[in-house]
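Here's a quick walk through a fold, from its strands to its core. Have a look at the model below and follow along.

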Amino acid sequence: MTKQMKRRQFLQLTAAALVAPQFLVACSHDNHDEKIHYEIHAFDYELNAGEAALELLNNRFTPGLAYNGQFPAPVIRAVQGKRLRIRFTNHLSQPSTIHWHGIRNDNAMDGVPWLTQKPVMPGETFVYDFVCPDAGTFWYHPHIHSIEQMSKGMVGALIVDEPEVPAFDQELILSLKDWRLDENGQFLPLSIPREAFRAGTLGTVNTVNGKVAPEYTLPAGSSVRVRLLNLDNTRAYNIAFKSDRQPIIANVIAIDGSPVAEPWPLDAHAIGAGQRLDVALLLPDEQEVKITVADRKGRFHVPLCHIHTAVADQQSKGLMPVLPANPVKKPDLENAEKMRFVFEWQGALSPTLANGELQHDFWLINRRGWEGMSEGNIPEPLAVMRRGKSYIVELKNNTPHQHPIHMHGEIFTVLDSDKKALRVHQADTVLLDKYETVHIALVADNPGRWMFHCHVIEHMKTGLMGYITIA
Ligand SMILES: [Cu+2]
């Protein structure tokens, strides 16, 4: 393809994206009169899904799918305990929905086609309207045609602020996502069956906030709340921070949005697809220190991005505040009911159908592969939990691959592992290592039908999915 053609294609795509009304409507959370607020600002945000030319590689335009024509997608900010309204319009040529990952949502607002709402068809609008009960780092993405829509750019950060925002000097949102691109920025096949059958198909271009190895400059001596989001379909990152001079102070303060009980120094922390990690970073007083945010693989630190210290800022106080806990009920471990899910691999199956499409049953949960859903055809739940009751759930990975297992609608406590020492913490996704068994616990207090699946999107699409009914 010549440069000229690429440019023309870019202009066409840009023009198409501009047809849609877009960009954010002013967001006002400080108006205490809810009624007036509603009349003045009918929607806190508008999100329009559509085709968009994204410049992920220099001077190469990728025919992406995006929210409001941009990547990174708009960062949605909400306030804990307050309503958030988003008017979503689908300008794609295929159905879509939005799932608000990690939000203990009203079931009707969870964004799962057929299970919680009808798919939003091309040209249609759907208003998501809900309260965010927990503060933290969350995200949003479609829950239909997920391989294509998410791979091509429809993933974004949802930050729920505490009513009193902890007094860090700076905030840095780092959205991690890989793209499967050739050298001209065109998409390679998004899913390769023999990879889907194993760890999942990895991207070829690694980005942070849509850029390859970006550089950030922040005032020396300032404290930074770094919010890392794994928005990739497949990859797990082993997050580590490394300074080119003296050791730095970097503490794990939240996992999947949930503050940890006692922060600990970050050595390396793995986040599977869909997971988040908040790190409190205290920048040294010295200028021109380079800190590498890396994916640590054994002895090697593969850089994701760099943070440089600049001239100190008079405003910076260097405080490292403690995050308040979210109002998640503590499970009663003594009287909890036990439940068990075994994740397995159908190793003997031929991975592709004759037409090259993915088969639906590479993977099994309790000997069952996800059958798919359609109008009037919802499969049976994997399990039913009684509302208000505590559960201890065993998650057993009987496969030689990692699986980040995500439950919608609830935040659970990760208790223990048979493979490694882990710190008890709350999460909405737990990364199971190969052949690992983990116990989680929760109070099933949010009624509805909640998806329960692997967040390696190809695994989910080929069997590792189901739902749990809480009633
Ligand atoms: Cu998986």
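In what sense do strand E24 and E27 pair, and over how many bridges? The pairing is antiparallel, and 4 bridges link E24 (residues 403–407) with E27. Bear in mind throughout that this is a predicted model.

## The sheet around E24 and E27

E24 and E27 sit side by side in an open sheet of 5 strands. Reading across, the order is E22-E30-E29-E24-E27, and the pairing is mixed. The edges belong to strand E22 (383–385) and strand E27 (429–432), each of which pairs on one side only. On average, neighbouring strands here are turned by 20° against each other, ignoring direction.

If you want to see the E24 and E27 register on screen, pick out Pro-404, which stands opposite Leu-431 in E27.

## A six-stranded sheet

Another open sheet is built from 6 strands, again with mixed pairing. Its order runs E10-E9-E12-E17-E14-E15. Strand E10 (205–208) and strand E15 (258–265) are the edge strands, and each pairs on one side only. From one strand to the next, the twist averages 20°.

Inside this sheet, strand E12 (residues 223–230) meets strand E17 (residues 276–282). They pair in the antiparallel sense over 7 bridges. For a handy marker of the register, look at Ser-223, which stands opposite Leu-282 in E17.

## The core

Now for the inside. Nonpolar side chains tend to be buried together in soluble globular proteins. In this model, the largest nonpolar core has 109 residues. Leu-158, Leu-228, Val-279 and Val-430 have the most contacts inside that core. As for who supplies it, strand E1 (residues 45–57) gives the largest share, with 6 residues.

Which residues does Leu-158 touch, leaving aside those up to four places away in sequence? Its partners are Ile-76, Ala-78, Trp-100, Phe-138, Trp-139 and Tyr-140.

## The chain as a whole

Stepping back, the chain has 5 helices and 30 strands. It runs to 471 residues, of which 44% count as buried.

How do the contacts spread along the sequence? Take those between residues at least 6 apart: 74% of them join residues at least 24 apart. The Leu-158 contact list is a good place to start exploring, with Ile-76 and Ala-78 among its partners.

How values were computed
Residues are numbered from 1 along each chain as its sequence is written. This is a predicted model: local features need pLDDT of at least 70, side-chain atom pairs count only at pLDDT 80 or more; totals for chains, interfaces and linings use all residues. Helices (H or I, at least four residues) and strands (E, at least two) are DSSP runs, numbered from the N terminus. A residue is buried if 20 or more other C-beta atoms lie within 10 Å of its own, exposed if 12 or fewer, and partly exposed in between; C-beta atoms are placed from the backbone. Two residues are in contact if their C-beta atoms, placed from the backbone, lie within 7 Å. A nonpolar core is a set of buried Ala, Val, Leu, Ile, Met, Phe, Trp, Tyr and Cys residues joined through C-beta atoms within 7 Å. Two strands pair if DSSP finds at least two bridges between them. Axes are lines fitted to C-alpha atoms, for helices over the stretch in contact, and angles run from 0 to 180 degrees between N-to-C directions.
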